[in-house]
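Please open the structure in your viewer and set it to a plain cartoon, so that each selection on this short tour stands out clearly.

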Amino acid sequence: MRPVSEFFLRISAKSYLWLLIAIMAVGLCALNEYLPENGRPLPGDEWLRDQFVQLRAKDRAEERLALIDIDDHSISVLGAAPWPRERIADLIEKLITEFDVRGVALDIYFEEHKDTVGDQRLAALAEHGPVVLAQAFDFDKNKQTPARNGQLTGGKSIAAFSQPELASMARATGYIANHSGLSKARYVSNIGFVPDLDGTLRRIPVQTRFEGKVYSELSRALLECCSKLNANQLFAHKSRFSDVDENGFSRVEYSRTLSSYEVVPALSVLQDTVPLEALRGKYIIIGSSSLALADRVPTPLWYSTSGFLVHAQALSTMLDEHEGRSYVKWPGRLIALLFTVLTAGMAMFMFPRFSAWTNTLMLGLASATWVALAYLVVDHDMWFSPVGPLAANFFLLAVAVPFGWQTAQRKSRRLLGTLQQYVAKAVVQELLRSDLKDPLAPRQLHVTTLIADMEGYTSQVENLPMEGAANLTREFLECLTGPVLAKGGTLDKYTGDGLVAFWGAPLPVENHADLALDAAIEIVRNVRKLSAQYEQQGRKKIRVRIGIESGIAIAGDFGSSFRSIYTAVGDSVNTASRLEDAARHYPHDIIIGKGTVEGSTRHQFQALGERLLKGKEKPTTIYTVEVTA
């Protein structure tokens, strides 16, 4: 009887172990679902939502509204922005009187300016016409001195709203408003927003509280101004814009592709080259796509979207809802949690009984099913975590793989994880097929080292904004890295504005000198192409300096118990660095040492004489190689 009881005890212990694993998976999902967005432990929600947005966006013409664009062509013909107020007034008057539009909203605010006639006309239009002006609220709670520019206008008293309504509104801390001459405008909207941490604009404050008043976002204000219905009738239905986050912001639906919107250049309106029927009876938003005005933001649909297109997306959603499309709120968090419970239950049953491949297939199918279900749910719940169940599945997969299989694959995973950072894929595959007991152990090998960096990097970036400097560095390093990996090189490290690479390790290569030279030539071509693009944009020319030398070096995994790196050390490596530094004194981009010249079999070289390199006691003969276009 005792062996039987022990058997059942062992079975029970295993069952408890699988139950514990299942509970941990469900708990991981629950954490991501029920913690606030900024406190969720797992990233990826916004990325996955963006993919859904792109799949869901329809390319159907939006015939209820049109966008008037103060674009680069209009500016080049009529003059630089900001335009005179009188010209803006001409544009609005034409739209209202000649095109008989329903109403006009401006995604522009007007600071104090000496244009008396234009300002008087704008003030009259804003006071008596179907015109919505704009002011931008600031929502940064960390500013010690919030912006208070211009004269704040419009807004409704908070007394007109219930406490639940007020609690769901965004709270502003400052503003940039129009000048006092426009203070009698009947409708003034908010065009301020807060992008997500990655810079993407996914949500807007549809209603904003500030000092006892409530202000509507531009698209809502345009409907309030120009619809035949009053505000209570317009927004009595359940709207997706009433579903807000903890800061009072609602997600923009982005239901249409950007090409769905009719965008008319302002020049065409002013010069009467637009058919009257093209704009008659439509809601109009005036904004600018001009790069000079910098009113562009990343959105899930495109990395650089004109700001007034975001307001157009919000207006489309409001019009859809007004015409009968209702927003039905689903319990997204509960759906995600129940799905995870079901998947974890299946895993608890299957993992002890089936092979790892079968269990992996089950989790893969469950993940695909959840992605399809999440695609439906995100349209009805804007705040649940679509990544939660996927994270739970990955957790189940990680702990369910048999320990023996993990052990057998440990060497391959370590090798792949270490070398794929800096070794070409073909080299990694060859290492996996090799009989080397420890391919990362330090060994003495004959290698060719290539060291490259940008000439005058500091002068290149000192006048650039941080984003511009980062883009320059990234594009330059891409020019360097691609040829190295394409020619089977090992990427040792990046050196800020350059890199160190070598050939001949971790696997010996007979033609390592020629491969390094091939890569160097391709790098120079890449950088020259990039430099030509920059020069066309009026930016500084860029140049790469490359030093190459071949010789004996010790290559292996060096470091400490805290951190290690696969690298090569030796006199030839130091010489390559000195040659790269010496390139600043020559018009040639590639400076080559004698060892590489002797090891090459298919390149022609030009001798540059001897030079005493830093740290050397005797002069070194140096060479270069011609780079053809």
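In this predicted model, begin with the lining of the largest cavity, whose residues divide into seven nonpolar and eight charged, with no polar ones. A search of the whole structure finds one cavity of 30 Å³ or more, and the largest cavity has a volume of about 200 Å³. To find its middle, select Val53, Arg240, Arg251, Val252 and Glu253, which are the closest to the centre among the 15 residues that line the largest cavity. Next, colour helix α2, residues 45–56, which gives the most to this lining, with five residues.

Now move along the chain and select strand β19, residues 498–503, which is mostly covered, since six of its six residues are buried. Show the side chains here: which way do Gly498, Val500 and Phe502 point, and which way do Leu499, Ala501 and Trp503? The former three point one way from β19 and the latter three the other way, and all of them are buried.

Keep β19 on display and add the strands that pair with it. Strand β17, residues 443–454, runs antiparallel to β19 and is joined to it by six bridges, and in that pairing valine 500 of β19 is the bridge partner of isoleucine 451. Strand β18, residues 490–494, is also antiparallel to β19, with four bridges joining the two, and here lysine 493 stands opposite valine 500.

Finally, select the turn of the hairpin that β18 and β19 form, where three residues lie between the strands and glycine 496 has a positive phi of about 85 degrees.

Terms used. Residues are numbered from 1 along each chain as its sequence is written. This is a predicted model: local features need pLDDT of at least 70, side-chain atom pairs count only at pLDDT 80 or more; totals for chains, interfaces and linings use all residues. Side-chain values use heavy atoms; hydrogens and water are left out. Buried means under 20% relative accessible area, exposed over 50%, partly exposed in between (1.4 Å probe, protein chains only). Two strands pair if DSSP finds at least two bridges between them. On a 1 Å grid over the protein atoms alone, a cavity is a set of points where a 1.4 Å probe fits but cannot get out, and a pocket is an open set with protein on both sides within 12 Å along at least five of seven lines; lining residues have an atom within 4 Å of a point. Grid points are joined across faces, edges and corners, and a volume is the space filled by probe spheres set on the points. Ala, Val, Leu, Ile, Met, Phe, Trp, Tyr, Cys and Pro count as nonpolar, Asp, Glu, Lys and Arg as charged, and the others, Gly among them, as polar.
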